Amino acid sequence: MTGSTAATFTADDYRARMGRAARAAAEAGLAGLLVAPGPDLVWLTGYTPPAVTERLTLLVLAAGQDPVLVVPALEAPDAHRAAGASALTLRDWTDGKDPYAATAALLDASGRFGISDNAWALHLLALQQALPGSSYASLTEALPMLRAVKDAAELDLMAAAGAAADATFEEIRNVPFAGRRESEVAADLDRLLRGHGHEQVDFTIVASGPNGADPHHEAGKRVIARGDMIVLDFGGLRDGYGSDTSRTVHVGEPTDEERRVHDVVREAQEAGFRAVRPGAPCQDVDRAARRVIADAGYGEYFIHRTGHGIGVTTHEPPYMIEGEERPLVPGMCFSVEPGIYLPGRFGVRIEDIVTVTEDGGRRLNTTTRELVIVE
C-alpha cells in the first residue's frame, strides 16, 4: 500500500476515526482497542510501518483517553510523518527495553480488549503475560462493522478504483485469448490494473474451460482454446481502496447452454443488486440472487456466498450470506457476485461492487454484464 491515501485524508479525519472506534469499543463492553500494523492501523492513523518486524508497534485506543501509538524508536521518525500523527501521542521504545511493560501501563489490567486479527501471537502472548487479568477478542469478532460504512471521500476513492477496474476490462476484452496461457492473460490484467493506477494487485483469476468451475482457480499453464468460457476476476488497491470485479467471456460463439447459464447468472446478479436497500438484512441479497439460480435448476452449483465487504482490504465484513441479519446501511460497500460452476465443464460469475444509498444501491462497476465474445 502506498502513502497516497495520506494526502487524501487529514489529521482531523483520522482523529474522528479513532474517536469513533474508541466509542464503539466502549459500547461493545471493551476496555479499548489494540491495533497492530495492517489495514486497521492505516485506516485509523494513516501510518504504514516501513517494515513489519518482530518489534512491537501498537495503537492503543480507549474512550476518554488520548490515542497512543507505541513504536520502536528507530521507526519513530516515519511515524511522526504519518498523516494522522498529530491526532495521537507517540511513545517510542528502544531495543533492550521491555515494550510490553510500557504498553501494559496504558491498559486496564483486568480489561477485555479488541485486538487486530493480524496481530502476532508473539505480541499477544507477551501482553497476556504482562497483564494476566486481561482478555482479548479479535476486531472482526468484536467490531465487525468498524470500517464498513464509508464516508463521502472514501466512496469517491472506491468509485475511482471501480472505474479503473472497468477500464481494465474494456482493454482486456480486446487482447488475444485463444492460443495463450491463462497466466499470460493474468499478467495482462496485472499490467492493466497498475496502468490504471492500482498500487497493489491482489488477484487476477483467469479460469478457462473446466477451470472455470473452480471459483478461486489460480491462473496456470492451460492454453486457452476456441469454445472456452472464461471467468475473469481481478482487483486490488488504488489509492488505498479496493476494486474487485468479475466478468465471464467466451472465445468464439457459445453454445445455447452456455448462453442460458450466463443469462441465469446475469439475472441472479441483477436480483441481488435490486435487493440492496437501507435496513434490509445482508442475507436478503444472498437470498434474492440464490433464488433465481435455484429456480433455474442450478442451485447445487452456486457454492459460495453472494458477496463480501470491501474497502481498505478487498475482503472484509459485511458478508452477503444466509444467516447474516445485520442491516444494510448507506455507505456500506460490498460485492454482488453469484455464480454457477459445472464441474469438469465451465463456470460463470458476474460481479459488481455495490454501495448502499439512501434509497437503494449504486453499482461501482458499469461494464456490460452481457456475455462478451473474445478472440
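Two strands are counted as paired if DSSP finds at least two bridges between them. With that criterion in hand, the tour may begin; the model on display is a predicted one.

**Stop 1: the sheet of six strands**

Select strand β3, residues 68–72, together with β4, residues 89–93. These two strands pair in the parallel sense, over 5 bridges. For one of these contacts, pick L69 and look across to β4, where its bridge partner is L90.

Now extend the selection to the whole sheet. The strands follow the order β4-β3-β2-β1-β5-β6, and the sheet is open, with mixed pairing. At the edges stand β4 and β6 (135–138); each has a single partner strand, so one side of each is left without a neighbour in the sheet. From one strand to the next, the twist averages 25 degrees.

Next, add the helices that accompany this sheet. Helix α2 lies across β1 (32–35) and β2 (58–61), and its direction makes about 65 degrees with β2. Helix α6, residues 121–130, also packs on the sheet and touches β1, β2, β5 (112–115) and β6. Relative to β6, helix α6 runs at about 155 degrees.

**Stop 2: a salt bridge within helix α2**

Remain on helix α2, residues 11–27, and display the side chains of D12 and R15. They meet in a salt bridge, with 2.5 Å from N to O. Why are these two residues about one helical turn apart? They are 3 residues apart in helix α2, and that spacing accounts for the separation of about one turn. In the whole structure, a search finds 29 salt bridges.

**Stop 3: the largest pocket**

Select D40, D117, T140, R147 and P317, which lie nearest the centre of the largest pocket. The pocket holds about 310 Å³ of space, and its lining comprises 16 residues. By class, 8 of the lining residues are nonpolar, 4 are polar and 4 are charged.

Which elements each supply at least two residues of this lining? They are α3 (39–45), α7 (139–142) and β11 (316–320). Strand β11 gives the most, with 3 residues.

While β11 is selected, inspect the backbone between P317 and P318. The peptide bond from P317 to P318 is cis, with omega near 5 degrees, and P318 lies in strand β11. Most peptide bonds, by contrast, are trans.

**Stop 4: the sheet of four strands**

Turn to the other sheet and select β7, β8, β9 and β17. This open sheet has the order β7-β8-β9-β17, again with mixed pairing. Here β7 (198–208) and β17 (372–374) occupy the edges, and each has a single partner strand, so one side of each lacks a neighbour in the sheet. The twist averages 30 degrees from one strand to the next.

Within this sheet, focus on β8, residues 229–238, and β9. The two strands run antiparallel and are joined by 10 bridges. To locate one residue pair, select G236; its bridge partner in β9 is S243.

Between β8 and β9 lies a loop that contains D239. Is phi of D239 positive or negative? Phi is near 50 degrees, a positive value in a residue other than glycine. In general, most residues other than glycine have a negative phi.

Finally, add helix α9, residues 182–195, which lies across β7 and β8. The helix runs at about 155 degrees to β7.

**Stop 5: the second largest pocket**

Select F203, I205, P215, H216, D233, D244, H304, R305, H308, H315, E337 and R349 to display the lining of the second largest pocket. About 230 Å³ of space lies in this pocket. Its lining residues divide into 3 nonpolar, 4 polar and 5 charged.

**Stop 6: an enclosed space**

The last stop concerns the cavities. How many cavities of 30 Å³ or more does a search of the whole structure find? The search finds 2. To view the second largest, select F169, R247, T248, V249, H262, I350, T368, R369, E370 and V372, which line it. This cavity contains about 30 Å³ of space. The largest share of its lining, 3 residues, comes from strand β9, residues 241–251. Sorted by class, the lining has 4 nonpolar, 3 polar and 3 charged residues.

Key: Residues numbered from 1 in each chain as written. Predicted model: local features only at pLDDT ≥ 70, side-chain atom pairs only at ≥ 80, totals over all residues. Heavy atoms only, no water. 1 Å grid on protein atoms, 1.4 Å probe; cavity = no way out; pocket = protein on both sides within 12 Å on 5 of 7 lines; lining within 4 Å. Points joined across faces, edges and corners; volume = space filled by probe spheres on them. Nonpolar A, V, L, I, M, F, W, Y, C, P; charged D, E, K, R; others polar. Axes fitted to C-alpha atoms, helices over the stretch in contact; angles between N-to-C directions. Contact = heavy atoms within 4.5 Å. Salt bridge = Lys/Arg side-chain N within 4 Å of Asp/Glu carboxyl O.
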